[in-house]
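Thanks for coming. I have one structure to go through today, so let me put the sequence and the model on the screen.

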Amino acid sequence: MTNFFVPKNILYIKDYEFEDGTKKPKLLIILGIIDNELFVLQAITTSQDKTVPDNLIKHGCTNLDLERLSFYIFEKNKPIGLKPNNESFGFEKNTFIFFQTNISKEPLLNFLKYKGNIQHLATLSDEEYQHLVNCISQSNLVKRKLKPYFEELLKNLFHL
């Protein structure tokens, strides 16, 4: 099961359990693995865009400190990676990652309960992954305790 948890993988979990105990199907993107702690940096996606004005719906990064908006959009049907069969992959709907609420560090052990309920949908392209990690690292709305992980990921991506 741990082969699912590789940076850039987009996973579908049939009965993802949220902090409030509710369960529903969810997509998540593996952003990084912290081996010595066995933690997964994950981004949960949503197609709900209730807080995003139409003029801000464009593919990629949006970080607006004054408006307290910080998110990444995958525009519908835009190729962002490859499916396991090497076909092009894009989300069917505009898909958002809101950094304030949907970026987390989870123990890998928490995912053992999903054994048999995880599907590898696709893998982000290197370019899309770099744009996403860069956007997250520049956001002032990412939890402070997570910022160092993204700064380290950026250093590794760009060999700084």
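I will go through the salt bridges and then turn to two asparagines.

Please keep in mind that this is a predicted model. How many salt bridges does a search of the whole structure find? The count is 3.

Start with D126 and K8. Their side chains form a salt bridge, with an N to O distance of 2.3 Å. D126 belongs to helix α2, residues 126-138, while K8 is in the segment before β1, and so the pair ties together parts 118 residues apart in sequence. As for exposure, D126 has a relative accessibility of 48% and counts as partly exposed; the cut-off for exposed is over 50%.

Next, K113 and E17. Here the closest N and O atoms are 3.5 Å apart. This pair also links distant parts of the chain. K113 sits in the loop between β9, residues 103-107, and β10, residues 118-124, whereas E17 is in strand β1, and the two positions lie 96 residues apart in the numbering sense of being 96 residues apart. Is K113 buried or exposed? K113 counts as exposed, at 52% relative accessibility. Its partner E17 is partly exposed, with a relative accessible area of 31%.

The remaining pair is K83 with E87. The closest N and O atoms in this salt bridge are 3.8 Å apart, and the cut-off is 4 Å, so the pair counts. K83 is partly exposed at 31% relative accessibility, and E87 is partly exposed as well, at 43%.

E87 brings me to the asparagines, starting with N85. What does the side chain of N85 reach? It reaches the backbone nitrogen of E87, at 3.0 Å. So E87 appears twice: in the salt bridge with K83, and through its backbone nitrogen in the contact with N85. N85 itself is in the loop between β6, residues 81-82, and β7, residues 88-89. With a relative accessible area of 48%, N85 is partly exposed. Along the chain N85 and A122 are 37 residues apart, and their C-alpha atoms are separated by 8.9 Å.

The other asparagine is N102, in helix α1, which covers residues 99-102. Is N102 buried or exposed? Its relative accessible area is 16%, so N102 is buried, the cut-off being under 20%. Leaving aside neighbours within four places in sequence, N102 is in contact with Q42, A43, I44 and T46.

That is the end of my list.

Conventions. Residues are numbered from 1 along each chain as its sequence is written. This is a predicted model: local features need pLDDT of at least 70, side-chain atom pairs count only at pLDDT 80 or more; totals for chains, interfaces and linings use all residues. Side-chain values use heavy atoms; hydrogens and water are left out. Helices (H or I, at least four residues) and strands (E, at least two) are DSSP runs, numbered from the N terminus. Buried means under 20% relative accessible area, exposed over 50%, partly exposed in between (1.4 Å probe, protein chains only). Contact means heavy atoms within 4.5 Å. A polar contact is a pair of N or O atoms within 3.5 Å; within protein, one must be able to donate a hydrogen and the other to accept it, and residues adjacent in sequence count only if both atoms are side-chain atoms.
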